[in-house]
Amino acid sequence: AIHQEGQRARAAVESARSQVATTLQVRPEYITWTSGGTEGNNIAIIGSIEALEQSGRSYDSMTIITTKIEHPSVGEAVVALERRGCTVRYVQVTETGKIDLVHLQELLDESVVLITTALINSEIGTLQSAHAIAKTIRQAEERCGTKILFHLDAAQAPLWVKCQFDGLKADLVTFDAA
């Protein structure tokens, strides 16, 4: 905006972006504001798959891995992509809700382009081991010669754990300010 009120609003948003970036230890341009966790999850999940599709990858050549205990904003986004032709695989979780890393490893092949899970499950409180999941993904990337995006729905996380982006070892992370 060219008027003073618009310029002040823009300065406030950029100041907030800089503060959040400092807290998360990322560059300010990595911060994208949304209306909340659901919109953030949709942009991360659907947006990354649509970007791959626009770069020439067909929906039916892409596989997404998630769990059956995700927040509806993740589950519904994945189902919407399944309707477009993506394959969805559900990794098993332990009785405490942690991803079964052995099963995850078995599901990973060259068709997998995205793994999405909650860092902290809002219903049962399970804290996933993002490092262990990322390590499993990176090993599969080397084995398969592909890139697999790792998305964490961390909407609940800032209330309970320290959240530096680099420490999470994910490609995409959704936070909620509430």
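This is a short tour of a predicted model, with something to select at each stop.

**Stop 1: the whole chain**

Start with everything shown as a cartoon. Look for six helices and five strands in the protein chain. If you trace the chain from its beginning, the elements come in the order α-α-β-α-β-α-β-α-β-α-β. The radius of gyration is 17 Å, close to the 16 Å that the globule rule gives for 178 residues, so the chain is as compact as a globular protein of that length. Turn the model around and picture a box about its C-alpha atoms: along the principal axes, the box is roughly 55 × 40 × 30 Å.

Now try colouring by accessibility, if your viewer can do that. Of the 178 residues, 40% count as buried. Contacts tell you about the fold as well. Taking the contacts with a separation of 6 or more, 59% are between residues 24 or more positions apart.

**Stop 2: helix H1**

Select residues 4-24, which make up helix H1. This helix has 21 residues, and its first and last C-alpha atoms are 30 Å apart, close to the 30 Å expected at 1.5 Å a residue.

Next, show the side chains and colour two groups. Which residues of H1 are buried? They are Gly6, Arg17, Ala21 and Leu24. These residues cover an arc of only 70° around the axis, which means that they sit on the same side of H1. For your second colour, pick Gln4, Glu5, Arg8, Gln19, Thr22 and Thr23: these exposed residues are on the face turned away from the buried side.

Before leaving, step along to Gln25, which follows H1. Its phi is positive, near 60°.

**Stop 3: Lys162 and a partner from H1**

Jump to Lys162, in the loop between strand E4 (149-153) and helix H6 (165-168). Is Lys162 buried or exposed? Its relative accessibility is 69%, and exposed means over 50%, so Lys162 counts as exposed.

Keep Lys162 selected and add Thr23, which you coloured on the exposed face of H1. Along the chain, Lys162 and Thr23 are 139 residues apart, yet their C-alpha atoms are separated by 9.5 Å.

**Stop 4: a charge over a ring**

Finally, select Lys68 and Tyr90 and show their side chains. Where does Lys68 lie relative to Tyr90? Lys68 is over the face of the Tyr90 ring, 5.1 Å from the ring centre. If you go on to look for aromatic rings paired with one another, the count is zero.

Terms used. Residues numbered from 1 in each chain as written. Predicted model: local features only at pLDDT ≥ 70, side-chain atom pairs only at ≥ 80, totals over all residues. Heavy atoms only, no water. Helix = DSSP H or I, 4+ residues; strand = E, 2+ residues; numbered from the N terminus. Expected span 1.5 Å × (residues − 1). Buried < 20%, exposed > 50% of the residue type's maximum accessible area, 1.4 Å probe, protein only. Arc of directions from axis to C-beta. Phe/Tyr/Trp six-rings, centres within 6.5 Å; stacked < 30°, edge-to-face > 60°. Lys NZ or Arg CZ within 6 Å of the ring centre and 35° of its normal. Rg over C-alpha atoms; globule rule 2.2 N^0.38 Å. Contact = heavy atoms within 4.5 Å.
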